[in-house]
Amino acid sequence: MAGSGADHASGRWLRSAGRAAAHGEVKIVDPAGREVEPGTVGVIALWGDHIMQGYWRKPEESAAALRGGGAAHR
């Protein structure tokens, strides 16, 4: 489940978005792409064969969306 720092402190949680795809990896990371400690606010990073390789003929947009070893950040 995911929630903001305030949600975590208050015990209020948001609903889950589901489980990671088979053979996929999901982590919560800081802006530099380092995994954060539980309860810390960050962004969702996804890795796996199901993640796109990039946007068609748009290398700048691809680099912005796929960081840290090809992870998609949302």
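1. A residue counts as buried when its relative accessible area is under 20%, as exposed when that area is over 50%, and as partly exposed in between. His23 has a relative accessible area of 78%, so His23 is exposed. The place of His23 is the loop between H1 and E1. The phi angle of His23 is near 65°, a positive value in a residue other than glycine.

2. The model is predicted. The protein chain has an average pLDDT of 81, and 78% of the residues score at least 70. Confidence is not even along the chain: helix H1 (residues 5-10) has the lowest mean, 58, while E1 has the highest, 91. A reader should keep these two values in mind when looking at H1 and E1.

3. The protein chain contains two helices and four strands. Read from the N terminus, the order of these elements is α-β-β-α-β-β. Strand E1 covers residues 25-29, and strand E2 covers 43-47. Helix H2 takes up 59-65. Strand E3 (66-67) and strand E4 (71-73) have a loop between them.

4. How many residues does the protein chain have, and what share of them counts as buried? The chain has 74 residues, of which 18% count as buried. One residue that is buried is Asp30, because its relative accessible area is 17%, and the cut-off for buried is under 20%.

5. Asp30 has a charged partner. It forms a salt bridge with Arg34, in which the closest N and O atoms are 3.1 Å apart. The two ends of this bridge differ in their cover: Asp30 is buried at 17%, whereas Arg34 is exposed at 54% relative accessibility.

6. Which residues are linked in a network of salt bridges? They are Glu25, Lys27 and Glu35. Lys27 bonds to Glu25 through a salt bridge whose closest N and O atoms are 3.3 Å apart. The side chain of Lys27 also meets that of Glu35 in a salt bridge, at 3.8 Å from N to O. Over the whole structure, a search finds three salt bridges.

7. The members of that network can also be described by their accessibility. Lys27 is partly exposed, because its relative accessibility is 27%. Glu25 is partly exposed as well, with a relative accessible area of 38%. Glu35, at 53% relative accessibility, counts as exposed; the cut-off for exposed is over 50%.

8. Lys27 has a further contact, with an aromatic ring. Its charged end sits over the ring of Trp47, at 5.6 Å from the ring centre. As for pairs of aromatic rings, a search of the whole structure finds zero.

9. Where is there a nonpolar patch, and which residues form it? The patch is on the surface and consists of Val26, Ile28 and Ile44, with about 210 Å² of accessible area together. Val26 lies in strand E1. Val26 is partly exposed, because its relative accessibility is 41%.

10. Arg57 is another residue with a positive phi, about 55°, although it is not a glycine. The place of Arg57 is the loop between strand E2 and helix H2. Arg57 counts as exposed, because its relative accessibility is 71%.

11. Two pairs of residues show how parts of the chain that are apart in sequence come together in space. Ala21 and Gly48 are 27 residues apart along the chain, and their C-alpha atoms are separated by 8.3 Å. Ala21 is found in the loop between H1 and E1, and at 38% relative accessibility it counts as partly exposed. In the other pair, Gly68 and Gly33 are 35 residues apart in sequence and 6.2 Å apart in space, C-alpha to C-alpha. Gly68 is in the loop between strand E3 and strand E4, and it is exposed, with a relative accessible area of 53%.

How values were computed. Residues are numbered from 1 along each chain as its sequence is written. This is a predicted model: local features need pLDDT of at least 70, side-chain atom pairs count only at pLDDT 80 or more; totals for chains, interfaces and linings use all residues. Side-chain values use heavy atoms; hydrogens and water are left out. Patches are made of residues with over 30% relative accessible area and no salt bridge: like charges are joined within 9 Å, nonpolar side chains (Val, Leu, Ile, Met, Phe, Trp, Tyr) within 5 Å. Accessible areas come from the Shrake-Rupley method with a 1.4 Å probe; for residues, only the protein chains shown count as cover. A salt bridge is a side-chain nitrogen of Lys or Arg within 4 Å of a carboxyl oxygen of Asp or Glu. Buried means under 20% relative accessible area, exposed over 50%, partly exposed in between (1.4 Å probe, protein chains only). pLDDT is the predictor's confidence in each residue, from 0 to 100. Rings of Phe, Tyr and Trp (its six-membered ring) pair if their centres lie within 6.5 Å; planes under 30 degrees apart count as stacked, over 60 as edge-to-face and the rest as tilted. A charge sits over a ring if NZ of Lys or CZ of Arg is within 6 Å of the ring centre and within 35 degrees of the ring normal.
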